[in-house]
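Hi,

Here is the structure I said I would pass on to you. Have a look at it first, then read on for what turned up.

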Amino acid sequence: MTSKNLPKPSGPVPASPAGEYELRPGGIAARARAAAAPAYLAALNSEQGEAVESLDGPVLVLAGAGTGKTRVLTTRIAHILATGRARAGEILAVTFTNKAAREMKDRVIKLIGPAAEGMPWLGTFHSIGGKILRRHAELVGLKPDFTILDTDDQIRLLKQIIAAANIDDKRWPARQLAARIDHWKNRGLMPDQVPAGDGFAFADGRGVEFYAAYQERLRILNAVDFGDLLIGCLRLFRENADVLDIYRKRFRYMLVDEYQDTNVAQYLWLRLIAGKDGNVCCVGDDDQSIYGWRGAEVDNILRFEHDFPGAKVIRLERNYRSTAHILAAASHLIAHNESRLGKTLHTEGEDGEKVQVRGVWDGAEEARAVGEEIEQLQRQGHSLDEMAILVRASFQMREFEERFITLGLDYRVIGGPRFYERAEIRDAMAYLKVIANPSNDLAFERIVNTPRRGLGESSLQVLHEFARAEHIPLAEAAAILVETEELKPRQRQSLGGLLDDFARWREQSAHLPHGELAEIVLDESGYTQMWLNEKSADAPGRLENLKELVRSMEDFDSLAGFLEHISLVMDNERGGEGTERVSLMTLHSAKGLEFDTVFLPGWEEGLFPHQRAIDDAGRAGLEEERRLAYVGLTRARKRARISFAQNRRIHALWQSSIPSRFLDELPDGSVEIADSDTSFGGGMASNYGASRFDRDQAFAASYETPGWRRAQRNAPGGQRRGAGGGRAPVIDAEPVAREVSSTARFSPGERVFHQKFGYGRILAADGNKMTVDFEKAGRKRVIDSFLERH
DNA sequence: ATTAGCATCCTTTTT
DNA sequence: GGATGCTAAT
């Protein structure tokens, strides 16, 4: 541990900003000066301490799972403040999510008191980017009150652009273009910087053209999308050295959380502000990089020392979360990755239980087994809050939910559609946005005919044409048009009524509390009524959400403040739940969380690792999947339970599956095979053990299931997989074209046997998909390779 | 303007 | 299997 950066134990606090900086009298700062080492430092181990105290120059903290990453980050901030090296306003601290930002702020406050309260530059990349951009909006062609579009608005805008170019948006969907543009923005590319080849990927080379048109539209609307919050800054900084200079001087210390998740644009942004040798501290874990598919560049973290010459790299390898067995399993697994900086996690804790692996017949049995185990743990006094099921794909959740409902087991789904993404919230917001800013065309368009006012496409068309010709916002165009005969009387009246409503609401907004205003608006617009009339099952929930929205508005003192906040923040926090619940979520959303017991179902080839990941990105994709497995395992403090099913229904088709290769990558000594006595005789679970551990053969090759034996029998050499069965070939790390059996192996009328459904007769064949009328199970669609002639 | 029927998609998710 | 989104029909 270095101590050169420590404040001199009893000497005066460093000069300059320190003098201006004061904590509460007699607070921690005072004690820090008095004591040899401040209390907050004493709580750290030596590596953590070094990470906190290495304040000068670039530092990369490689923080393995459960090694106290957040503690380092927050203590570092506290340390900077307490030693008077910088004031709160001189520290830039960026995170990816608002949740992480909030948590960081709370913890700093806990460490050194409310002095941290006013950290204006602690936030997400986007919120800070937005803040900077707003201050200098004119320099990049925007007005300071620009609106931030979300994905939905973005797509509607792109649809218009595609339609305007007379392109079939069926063949070239706006979603796809949005994804492309997003991708470019993630890499920090403006339309004129997109590599020539890239543009051809959309609509025969018009992608870049549309990108440019989209940016132009945004500028006219005085709007930006999420990506612009960053690349807008890039442009601002590059074109205005003086502005960049302001921030370079201001941010004496910079901290970045989850550095492995940064994309190129974020890297460039940071690099511009920090320079080559700024006091930047990036904390991350290359082994937990799981967002490559949305633009994160693992390379950023792998190349850190190269990008910031002379950077100090500190590894945090002491794990405080998991038992030795869990840690061993995770470490052994992740060691199979090639692209990594390499860390060896260790713990001083107990061995604990081994990681349990269980083979089950199908998804239903998997859910049953997990449910049973949860109930058993519950009976032993374990809290449901300390158990989680982490799935690879969200469709896997359904089976668990169904099971838990029949068991009466309380569960909560984490993730899913965010509160503010729900249609009813977005509609309500659109009303408020139009009130706050009449020239917000996208918001106006969204609600002009919601609820139905007879203002359909043709009316809107007229509005659009007029607005465009006159270069005025839609609402303004509407105000003029209602005075004319352009529209049919009914439309004219309806639109006029709406405009009058808005005028009235706008008038009221000046003196009414905005919560109350929102209520009035939702009521008088007929929006509430619209949902009351709706008889679908989710209508009551939507009304509930609207109430929640009104309630949450009361926390803000101005409508504008609320709108700004909500476009960037608003999480779907479910506050005040009293009951204990099991958590159900995807592996991705589990990052950063921890539980005593973690269930990891669905470890099957094709599902996990996911076939698409491998097809799209080959070895890199596989490695990211492996990191996901690593993230999953390291969420567990005491118990990790993995399972795989032999049969799984994917897109309404039954497929038999091969256990995940990741199972083979777990160390024997830390894994045990669960004995599952299933309704199917329980043979296979122990066979799994036998083949894997007793005979010490390549696990998959000796895996004994009826389906597997059959596949082997069918193969000419009795060895190669997939050779004769017409089934998908070995799922490999490299992209592999799926074998399609050209000839149907069965014809209608034939009698067949299926492992799961028993005997039946072929009704129809569609490629390799067979419709079979089973004697016991009824009519099912199955893949031909799971059928046997009988 | 509303709605039924049809095709198509189906990994992960934040801002 | 199911959700979603568009077309065509009323």
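**Around DNA strand B**

Let's start with DNA strand B: 30 residues surround it, and the closest are Ser-394, Arg-418, Arg-452, Thr-586 and Arg-612. Keep in mind as you read that this is a predicted model.

What kinds of residues make up the surface near DNA strand B? They divide into 9 nonpolar, 13 polar and 8 charged. On the DNA side, if you take the atoms of strand B within 4 Å of the protein, 56% belong to sugar or phosphate, and the rest belong to bases.

A few contacts are worth finding on your screen:

- Ser-394: an N or O atom in its side chain is 2.4 Å from a phosphate oxygen of DNA strand B.
- Arg-612: here the distance from a side-chain N or O atom to a phosphate oxygen of DNA strand B is 2.5 Å.
- Trp-293: this side chain has an N or O atom 3.1 Å from a base oxygen of DNA strand B.

So much for single residues; now the helices. Helix 29 (587-590) and helix 30 each supply at least two residues of the surface near DNA strand B. The largest share, 4 residues, comes from helix 30.

**A closer look at helix 30**

Helix 30 covers residues 611-634. If you pictured a straight rod, look again. With 24 residues at 1.5 Å a residue, a straight helix would span 34 Å, yet the end C-alpha atoms of helix 30 are only 23 Å apart. Where is the kink in helix 30 centred? Find Ala-617: the kink there is about 140°. Helix 30 is also mostly covered, with 18 of its 24 residues buried.

**Around DNA strand C**

Now over to the other strand. The residues around DNA strand C are Lys-159, Arg-398 and Ala-652. One of them, Lys-159, has a side-chain N or O atom 3.0 Å from a phosphate oxygen of DNA strand C. Among the atoms of strand C within 4 Å of the protein, 50% belong to sugar or phosphate and the rest to bases.

**The cysteines**

How many disulfides are there? The count comes to 0. As a reminder, a disulfide is a covalent bond between the sulfur atoms of two cysteines. Take Cys-233: the closest cysteine sulfur, in Cys-282, is 17 Å from its own sulfur, so the two are too far apart for a bond. Cys-281 is in no disulfide either, as the nearest cysteine sulfur, that of Cys-282, is 6.8 Å away. Are Cys-233 and Cys-281 buried or exposed? Cys-233 has 0% relative accessibility, so it counts as buried. Cys-281 counts as buried too, because its relative accessibility is 0%.

**Two more residues to click on**

Lys-69 is found in helix 5 (residues 69-82). Lys-69 counts as buried because its relative accessibility is 19%, and the cut-off for buried is under 20%. Its side chain is joined to that of Glu-258 by a polar contact of 3.2 Å.

Tyr-411 is found in strand 11 (residues 411-413). With 18% relative accessibility, Tyr-411 counts as buried. Try finding Ser-583 from there: Tyr-411 and Ser-583 are 172 residues apart along the chain, but their C-alpha atoms are separated by 5.7 Å.

Have fun exploring!

Key:
Residues numbered from 1 in each chain as written. Chains lettered and ligands numbered in written order. Predicted model: local features only at pLDDT ≥ 70, side-chain atom pairs only at ≥ 80, totals over all residues. Heavy atoms only, no water. Near = heavy atom within 4 Å. Polar contact = N/O pair within 3.5 Å; in protein donor to acceptor, adjacent residues only side chain to side chain. Disulfide = S-S within 2.5 Å. Buried < 20%, exposed > 50% of the residue type's maximum accessible area, 1.4 Å probe, protein only. Expected span 1.5 Å × (residues − 1). Bend = angle between axes of the 7 residues up to and from the residue. Nonpolar A, V, L, I, M, F, W, Y, C, P; charged D, E, K, R; others polar.
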